[in-house]
Amino acid sequence: MKILFLTVIIMNAIWSHPYVEKAVAKSRHSELAIVIDDFGNNMGGTEEMLNLPVPLTVAIMPFLPTTKEDAKLAHKKGHEVIVHIPMEPLRGKASWLGPGAITTNLSDKEIRKRITRAIDDVPYAVGMNHHMGSKATADERVMRIVLNVCREKGLYYLDSRTTDKSVIPKLANEIGVPYLENELFFDDIYTISHMNKKARELERLLNDDENHIAIGHVGIAGKKMVQVLNEYIPVYQTESTIVPLSELIPSFDMIDKQVP
Ligand SMILES: [Zn+2]
């Protein structure tokens, strides 16, 4: 009886949530997580993006002027927060990375310290992905430490696949960190026509029963990205349910376990 009562409460709580209500009504099959990178530095389109009427996954860089403000606002508006950790790329200067960056010349102890502090600096974070990182994410020593800290803190890892030599899938599996992989970047070129083309490509991908993950950015083209999402979100909702990333991980939290 107690269990039934609890289930009723939980189901009521889930169904009364505005996003889920729509989803249940239309019984869609595929699930889509939209991740937006580069929050934390008062980037272009921040406010407009957080006002979109669906649960986004918001990747926030640590130790920046609006890190905490963006995380609190995102959480308040029902978005999921993850840490967007700057990591060393193959090309480009370390100075582009921002504070607390993970580079391959750091000691084990320093990497552990930086990752722990970064997680602590971003309120409400339940996962992590990386900013740049084509060199660091191919380095087994570095990523083993990063993923061990994620496991200890209960975070999942989204691999945005900035290199095809990423060691993250192998290590995440070995260490036991929930792992997700990006499928599509909306804005790898900052023009409306390119972003529309990628948005249409995603629309075609939603015609199945699979989970899908796509990444966009705030920043230079942040307002354009919001414009494209505003146009395509209603289209995506006819084919899929838009969910936070953690909903794509079976049993990531208690609510997932309670949904039949
Ligand atoms: Zn980034």
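A residue counts as buried when 20 or more other C-beta atoms lie within 10 Å of its own. With that in hand, here is a tour of this predicted model, starting from helix α6, whose buried residues are Val142, Met143, Ile145, Val146, Leu147 and Cys150. The protein has 10 helices and nine strands, and 42% of its 260 residues count as buried.

**Overall picture and confidence**

- Of the contacts between residues at least 6 apart in sequence, 72% join residues at least 24 apart.
- The average pLDDT of the protein is 88, and 86% of the residues score at least 70.
- Residues 1-26 have a pLDDT below 50, and this stretch has 14 contacts in the model beyond near neighbours in sequence.
- Towards the other end, pLDDT stays under 50 over residues 254-260, and the model gives this stretch nine contacts beyond four places in sequence.

**Helix α6 and its surroundings**

- Helix α6 covers residues 140-153; at 1.5 Å a residue its 14 residues should span 20 Å, and the end C-alpha atoms are indeed 20 Å apart, so the two values agree.
- The cover over the buried residues of α6 includes α5 (108-121), β4 (125-132), β5 (156-159) and α7 (168-175).
- Just after α6 comes Gly154, with a positive phi near 75 degrees.
- The helix also takes part in a right-handed β-α-β unit, made of β4, α6 and β5.

**Parallel strands, from β1 to β5**

- Strand β1 (residues 30-39) pairs with β2 in the parallel sense over three bridges, and Ile36 stands opposite Val58 in β2.
- β2 in turn pairs with strand β3 (residues 80-87), again in the parallel sense, over four bridges; here Ala59 stands opposite Ile82 in β3.
- Seven bridges link β3 and β4 in the parallel sense, and one pair of bridge partners is Met87 with Met132 in β4.
- β4 and β5 run parallel and are joined by two bridges; Gly127 has Tyr156 in β5 as its bridge partner.

**Connections between the strands**

- Helix α4 (residues 67-76) forms a right-handed β-α-β unit with β2 and β3.
- Helix α5 does likewise with β3 and β4, giving another right-handed β-α-β unit.

**Covered strands and the nonpolar core**

- In a regular strand the side chains alternate between the two faces of the sheet.
- In strand β2 (residues 57-60), both faces are covered: Thr57 and Ala59 are buried on one side, Val58 and Ile60 on the other.
- β4 is mostly covered too, with eight of its eight residues buried.
- Nonpolar side chains tend to be buried together in soluble globular proteins.
- The largest nonpolar core in this model has 69 residues, and those with the most contacts inside it are Val35, Ile60, Val81, Val83, Val146 and Tyr157.
- Tyr157 is in contact with Gly127, Met128, Leu147, Cys150, Ile168, Ala172, Val177 and Tyr179, leaving aside its neighbours within four places in sequence.

**A closer look at Ile119**

- Ile119 is found in helix α5, and it counts as buried because it has 20 C-beta neighbours inside 10 Å.
- Not counting residues up to four places away in sequence, Ile119 touches Val83, Ala125, Lys153 and Leu155.
- Ile119 and Ile85 are 34 residues apart in sequence, while their C-alpha atoms are 9.0 Å apart in space.

**Two residues with positive phi that are not glycine**

- Phe63 is a residue other than glycine with a positive phi, near 60 degrees, and its place is in the loop between β2 and α4.
- Phe63 has 16 C-beta neighbours inside 10 Å and therefore counts as partly exposed.
- Tyr124, also a residue other than glycine, has a positive phi near 70 degrees and sits in the loop between α5 and β4.
- Tyr124 likewise counts as partly exposed, because 16 C-beta neighbours lie inside 10 Å.

Technical notes: Residues numbered from 1 in each chain as written. Predicted model: local features only at pLDDT ≥ 70, side-chain atom pairs only at ≥ 80, totals over all residues. Buried ≥ 20, exposed ≤ 12 C-beta atoms within 10 Å, placed from the backbone. Contact = placed C-beta atoms within 7 Å. Pairing = 2+ DSSP bridges. Right-handed = clockwise from strand over helix to strand, strands pointing away. Core = buried A, V, L, I, M, F, W, Y, C linked by C-beta atoms within 7 Å. pLDDT = per-residue confidence, 0-100. Expected span 1.5 Å × (residues − 1).
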